[in-house]
Amino acid sequence: MKNTIKVERAKLNLTQQDLADKVGVSRQTINSIEAERYVPSTVLALKISEVFKTTVNEIFKLEKDE
Amino acid sequence: MQKKKNKKDIPLFPAYFKLVGLILILLALVPAIIFISMLHTKLSIPAKELFKTYTYDAFILGLFFIAWSRDKIEDELTFAIRLKSLVFAFFSIIFFVILTPLINFLLQVNDDLTARSVVFIMLIEYLGMYYLQKRGR
């Protein structure tokens, strides 16, 4: 699953740690999501989208073979 | 955003249990080293067995406390890593138990697995896998 967290973070000038603090997870979790090594739960995805004031679908996109 | 207590959260010991575990392991190791180096010949065989059992138990309990205590930040990723590590430890011990008699036969040794050694190996594998995966993040 692709995501645009890095881009969205850059828009708001947030570091991984800032975002992690806002959604209540570790920086490693945000790093793993950005690197597409970990797919977040629905709850976490919703929290992330809330920080960026957008929808989950705008941030997370399924790849063709998924 | 404050994290609420989730129904899916696994019950873990508080973080300070890592320290308790380390102390337990040290308390088990130090007498064991003294025993091996100095008291080896002075104890009777039942006393040696008892000493060995309690040392092993303290070591296992220490490892268990370290393995099952909270990290500084406990979130869904650590939960996923814990689950993966448990699965790895569980499946590998199955192969270990199956392969041990074969290895014993090939090496002509009679070294049966005890329940204690199985638990010990599982804990070591779990901890190794957990910290390896955490470091890779």
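Q: Why is Arg116(B) counted as partly exposed?
A: In this predicted model, Arg116(B) has a relative accessibility of 33%. Buried would require under 20% and exposed over 50%, so the residue falls in between and counts as partly exposed.

Q: What makes the contact of Arg116(B) with Asp57(B) a salt bridge?
A: The N to O distance between the two side chains is 2.5 Å. The cut-off between a side-chain nitrogen of Lys or Arg and a carboxyl oxygen of Asp or Glu is 4 Å, so the pair qualifies. Arg116(B) lies in helix H4 of chain B and Asp57(B) in helix H2 of chain B, 59 residues apart. Asp57(B), at 27% relative accessibility, counts as partly exposed.

Q: How do you know that Asp71(B) is buried?
A: The relative accessibility of Asp71(B) is 8%. Buried means under 20%, and therefore Asp71(B) is classed as buried.

Q: What makes Asp71(B) and Lys18(B) a salt bridge, and which parts of the chain does the pair link?
A: The side chains meet at 3.1 Å, N to O, which is within the 4 Å limit. Asp71(B) is in the loop between H2 and H3 of chain B, whereas Lys18(B) is in helix H1 of chain B, 53 residues apart. Salt bridges with shared partners join Lys18(B), Asp71(B) and Lys134(B) into one network.

Q: Why is the pair of Glu34(A) and Arg9(A) said to tie together parts of chain A?
A: The closest N and O atoms of Glu34(A) and Arg9(A) are 2.5 Å apart, within the 4 Å limit for a salt bridge. Glu34(A) belongs to helix H3 of chain A and Arg9(A) to helix H1 (residues 5–12) of chain A, so the salt bridge connects parts that are 25 residues apart in sequence. Both Glu34(A) and Arg9(A) are buried.

Q: What makes the aromatic pair of Phe13(B) and Phe64(B) edge-to-face?
A: A search of the whole structure finds 12 aromatic pairs over all chains. In the pair of Phe13(B) and Phe64(B), the ring centres are 5.6 Å apart and the planes meet at 90°. Centres within 6.5 Å make a pair and planes over 60 degrees apart make it edge-to-face, so both conditions are met. Phe13(B) is in the segment before helix H1 (17–39) of chain B and Phe64(B) in helix H2 (residues 45–67) of chain B, 51 residues apart. Phe13(B), at 23%, and Phe64(B), at 34%, each count as partly exposed.

Q: Why is the pair of Trp68(B) and Tyr126(B) called tilted?
A: The rings lie 6.2 Å centre to centre with 45° between the planes. Under 30 degrees would be stacked and over 60 edge-to-face, so this pair is tilted. Trp68(B) lies in the loop between H2 and helix H3 (76–107) of chain B and Tyr126(B) in helix H4 (residues 115–135) of chain B, so parts 58 residues apart in sequence are tied together. Tyr126(B), at 3% relative accessibility, counts as buried.

Q: How do you know which residues of chain A contribute most to the area buried against chain B?
A: The area buried between chain A and chain B is about 1,100 Å², with 53% from carbon and sulfur atoms. Arg37(A), Tyr38(A) and Lys47(A) supply 32% of the area that chain A buries against chain B, more than any other three residues. Between chain A and chain B the count is 0 salt bridges, while 4 residue pairs are in polar contact.

Conventions: Residues are numbered from 1 along each chain as its sequence is written. Chains are lettered from A and ligands numbered from 1 in the order in which they are written. This is a predicted model: local features need pLDDT of at least 70, side-chain atom pairs count only at pLDDT 80 or more; totals for chains, interfaces and linings use all residues. Side-chain values use heavy atoms; hydrogens and water are left out. Buried area is the accessible area (1.4 Å probe) that two parts lose on being put together, summed over both. A polar contact is a pair of N or O atoms within 3.5 Å; within protein, one must be able to donate a hydrogen and the other to accept it, and residues adjacent in sequence count only if both atoms are side-chain atoms. Rings of Phe, Tyr and Trp (its six-membered ring) pair if their centres lie within 6.5 Å; planes under 30 degrees apart count as stacked, over 60 as edge-to-face and the rest as tilted. Helices (H or I, at least four residues) and strands (E, at least two) are DSSP runs, numbered from the N terminus. Buried means under 20% relative accessible area, exposed over 50%, partly exposed in between (1.4 Å probe, protein chains only).
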